[in-house]
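User: I've got this model open and I'd like to talk through how the helices pack. Can you take a look with me?

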Amino acid sequence: VDVSNYTQLALHQIHRSGGSELFWHDMMTSCGSGLFGSDTGTVPGAKDFYITSFAILSSIVKVTSGKVRRLAHSSEFVPRDIASKLLSLELMHHFLHQWGKTCKYNHALQNKATKEGWKLKDSVSVATMAYTIRRLIIPCLLSNTRSGLDDIKVFRRMMRIVTELWCNTLIRRHIKVEIGVLIEHFVLKILRLGPQVLPPKRLSKTTSSTLNEMSV
């Protein structure tokens with residue numbers, strides 16, 4: 001219950017407060033400490049790592065959730081907005097990729113402990129981080145659907161994130177339903193779109209990119 005409440009508080013702050021030092025302070029001291037501070041099975045240094053990682057993830061989600069505006073009397077996007085969107089999606093993918101390495105390392109330690117005949121206690125913080133990824137990243141991706149349809153570069157980066165979530169076995173174990181929703185939303189629905197929604201050239205690029213990403 002506490003994990004859900006602190007994650008909900010983080011979501012509220014992401015969509016409410018400005019991008020100031022106060023937001024970072026709230027993520028570190030209020031939400032982050034509440035989520036990971038009570039894990040007695042984790043050493044203090046590791047707790048700081050999880051709290052800082054959560055604050056970084058929250059900041060990335062906050063920037064990624066921003067709207068992409070259009071120039072007045074034009075169909076072109078505001079350059080700063082589209083650049084910010086692309087960079088934030090790249091950072092989100094990088095975060096998940098690095099977190100995947102941490103999960104693989106923990107999994108290797110557990111396998112080694114099992115082979116040697118002793119049991120390694122599971123870290124509650126790992127499961128908590130997987131839960132926060134589910135609560136923060138999935139809604140963020142869904143809210144960027146329009147931006148993905150408007151710009152193929154945004155869509156490709158979103159598909160890389162979906163693929164990264166799928167390839168990480170630990171995260172996938174916690175977000176099976178959400179992975180199904182993302183595949184239905186970003187893959188199957190896109191494949192059903194006709195030329196009246198996407199031009200033939202753009203549709204071809206979208207489906208090809210989608211199939212290549214999901215075949216990893």
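What follows is a short back-and-forth on helix packing, the nonpolar core and a couple of buried residues.

User: Before we start, what kind of model is this? And how are α5 and α7 oriented relative to each other, roughly parallel or roughly antiparallel?

Analyst: It's a predicted model. Helix α5 covers residues 124–143 and helix α7 covers residues 152–167, and they pack at an angle of about 150 degrees with their axes 11 Å apart. Anything over 145 degrees counts as roughly antiparallel. So α5 and α7 are roughly antiparallel.

User: Which hand does the crossing of α5 and α7 have, left or right? And what classes of residue make up their contact?

Analyst: The crossing of α5 past α7 is left-handed. On the α5 side you'll see Ile133, Ile137, Ile138 and Leu141, and they meet Met158, Ile161, Val162 and Leu165 of α7. By class, the contact has no polar and no charged residues, and 8 nonpolar ones.

User: Which element gives the largest share of the largest nonpolar core?

Analyst: That core has 50 residues, and Phe54, Ile133, Ile137, Leu141 and Leu165 have the most contacts inside it. Elements giving it two or more residues include α1 (2–16), α3 (44–64) and α4 (79–115). The largest share is 9 residues, and it comes from α5.

User: Leaving aside its neighbours within four places in sequence, which residues of α7 does Ile137 touch?

Analyst: With those neighbours set aside, the contacts of Ile137 include Leu57, Val61, Met92 and Leu96. Its list also has two residues from the α7 side of the helix pair. Those two are Ile161 and Leu165.

User: Is Glu164 buried or exposed?

Analyst: Glu164 lies in helix α7. Leaving aside neighbours within four places in sequence, Glu164 is in contact with His93, Leu96 and His97. The cut-off for buried is under 20% relative accessible area. Glu164 has 17%, so it is buried.

User: How far apart in space are Leu86 and Arg157, C-alpha to C-alpha?

Analyst: Leu86 is in helix α4, and at 13% relative accessibility it counts as buried. Sequence neighbours within four places aside, it contacts Lys153, Val154 and Arg157. Leu86 and Arg157 are 71 residues apart in sequence, yet their C-alpha atoms are separated in space by 7.4 Å.

How values were computed
Residues are numbered from 1 along each chain as its sequence is written. This is a predicted model: local features need pLDDT of at least 70, side-chain atom pairs count only at pLDDT 80 or more; totals for chains, interfaces and linings use all residues. Side-chain values use heavy atoms; hydrogens and water are left out. Axes are lines fitted to C-alpha atoms, for helices over the stretch in contact, and angles run from 0 to 180 degrees between N-to-C directions. Angles under 35 degrees count as roughly parallel, over 145 as roughly antiparallel, 65 to 115 as roughly perpendicular and the rest as oblique. A crossing is left-handed if the near helix is turned anticlockwise from the far one by less than a right angle, and right-handed if clockwise. Contact means heavy atoms within 4.5 Å. Ala, Val, Leu, Ile, Met, Phe, Trp, Tyr, Cys and Pro count as nonpolar, Asp, Glu, Lys and Arg as charged, and the others, Gly among them, as polar. Buried means under 20% relative accessible area, exposed over 50%, partly exposed in between (1.4 Å probe, protein chains only). A nonpolar core is a set of buried Ala, Val, Leu, Ile, Met, Phe, Trp, Tyr and Cys residues joined through side-chain atoms within 4.5 Å.
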